[in-house]
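Visitor: Mind walking me through this one, question by question?

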Amino acid sequence: MILSRRRIFAVVACIALGMALVGAAAFPGLERHYMRQQAERDAVPLKLAVEGLRATLDRYAPLPALIAERPQLTVLLRDPQNAVVQAAVNEDLRQTAATVRASDVYLMDISGRTVAAASYREPGSYVGRNFSYQSYFTQALNGDLSSFSVYGTTTGERGYFYAAPVEDGERIIGVLAIKFNIAAFQSIWRGAESDIMVADRNDFVFMSSHPEWHFRAIRPLSSATRQQIAQNLQYPIDRIDLLPITATALSEEASQVYIEGDTRESFVLTTQRLNDLDWTMSSLSPTRPATLNALRSLLIAGLVVALGLIGLLAYLLRQTRQAEALAQEQRAKAVLEDTVAARTADLQTVLGDLRQTQTDLIQAGKLSALGQMSAALSHEFNQPLAAVKTYADNAGAFLDRDQPKAARENIARISKMADRMATISAHLRNFARRPQQATGPLLLNSVLLDAIAVTEMRLASEGGHIAYDPPEREVWVTGGHVRLQQVIVNLINNALDAMEGLTDRRVQIWVEGTTVSVRDTGDGIEAANVENIFDPFFTTKSPGKGLGLGLSISFNIVTDFGGTLSARNHPEGGAVFTVTLKPATPKQMAAQ
């Protein structure tokens, strides 16, 4: 059924409205998804903040017990009226506080009265004050190391207290306490992307990167909790207020929270418990990035849907136009039938010609590929075939001279050359893919001597010589004898080609470890050709003298052995080709 244009626009408008409603309905869930992702990211810096806070607290924890061992503290607690000892202890505690960067270090007798303090010079000194009501004092008096967070009742600053008993033999005669300003702990949070707050077991915030959140409770405090706080003077009871926060769970450890203030702010809240301290550390990052990500995702989805609707609209309109055109065509069909038939016949003739042309082009491509392969085989077989002919002629000559042993040696060499040509043929056939023939340990010197022997006929006919000193000890490498021999022969032949026309055609071959280097004394390699020299069909020789396959095949063979083939120019002239092979141990015969 073909729709009218008016109906088409109505359908598209309904689909667009439906997708908009779906997007609006999906937005809250998508926003929560990005909030959960944000919470997972916040968990990493939160863990670092927890570890940093715990490390800071743990660093100061042993100090009270160490200071409590000082003998002069025991002397003062035995005789608290001794002004000379008290003055010495006061000064010692002041210097200790300055060294460890503590707010105060003070000594209390068993009644809780402070007999000496680092702050003895200051107006708000702890000297003379009684702290028997503090839990850290009572715990230390019982022989335990203790710690306690409190809002300083004297100085008005937030502090964290450590306390340890002072013992005289096996008897506890006092308590040594150290106070650190909590504000110093918060300095490690500066520059963090998220806000941090720390609450105690009663969900009372006593540390935060937001000063306005200090001494505010996340949940309403019971009368018993307020009474306990007032009794311990742990926090300023007159400043305790409820932090207006509402939370919606996102996962087990994350929530979306709203904090009322001058403005209503929304955060992703990620929490982690400090079980040993009975604290909860929370990271609060604004939800704005999650909201923007959700809007961005919906916008992208909306654009995709819009493009789809535009495409659908265009399709439907095109269908309508086609239907109208079809109706007109049907009305004119009777008149145009003969003309269409004639043109169809012409088109069939043209299509037949095109198919024949395509067939001819495919056949030409096949013949071109066969021609390239034949040229490659000719390139790789020239030297072995020349050697075979020479050995065959020599064998005939030796037979004429009744020297069957020498003739047999030449026939054996012919057989070896035939095996080598069969292997080379396999390499050329598999040129386009990585060789998979087996490799194994082989004697490097044996391969080099065989390769030099193959090129002896060319050297004898064209002139030139090879300078090679075999290594003093046997060198075993990983590879295949015939394939590696093919590589060395290729490099020697290329070296001879590079020195064509020179009077002194000298090829140098040397071995260092498992590396073989072949050097010529020609013009060297042009800088522009170094990167392409191992590419298939790349050659710098004149037309008819090579297809540029020799180095490419050699490169693939060496790579198959797990080695490398590289080229460079020698400082004294000429080119150096280096084959680096993997070392091997003579456990088995090498692969061919």
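Visitor: Is Tyr315 buried, partly exposed or exposed?
Guide: Quick note before we start: this is a predicted model, where local features need pLDDT of at least 70, side-chain atom pairs count only at pLDDT 80 or more, and totals for chains, interfaces and linings use all residues. Residues are numbered from 1 along each chain as its sequence is written, and side-chain values use heavy atoms, leaving out hydrogens and water. Buried means under 20% relative accessible area, exposed over 50%, and partly exposed in between (1.4 Å probe, protein chains only). Tyr315 comes out at 39%, so it's partly exposed.

Visitor: Which helix supplies the largest share of the nonpolar patch?
Guide: Tyr315 joins Val11, Ile15, Met19 and Leu312 in that patch. Patch members have over 30% relative accessible area and no salt bridge, with nonpolar side chains (Val, Leu, Ile, Met, Phe, Trp, Tyr) joined within 5 Å and like charges within 9 Å. α1 and α8 each supply at least two residues, but the largest share, 3 residues, comes from α1.

Visitor: What N to O distance goes with the salt bridge of Arg505 and Glu462?
Guide: A salt bridge here is a side-chain nitrogen of Lys or Arg within 4 Å of a carboxyl oxygen of Asp or Glu. The side chains of Arg505 and Glu462 fit that, N to O, at 3.6 Å. The two sit 43 residues apart, with Glu462 in helix α12 and Arg505 in the loop between α13 and β17. Back to the value you asked for: 3.6 Å.

Visitor: Is Arg505 buried or exposed?
Guide: Its partner Glu462 is partly exposed at 42%. Arg505 has a relative accessible area of 9%, so it counts as buried.

Methods. Accessible areas come from the Shrake-Rupley method with a 1.4 Å probe; for residues, only the protein chains shown count as cover. Helices (H or I, at least four residues) and strands (E, at least two) are DSSP runs, numbered from the N terminus.
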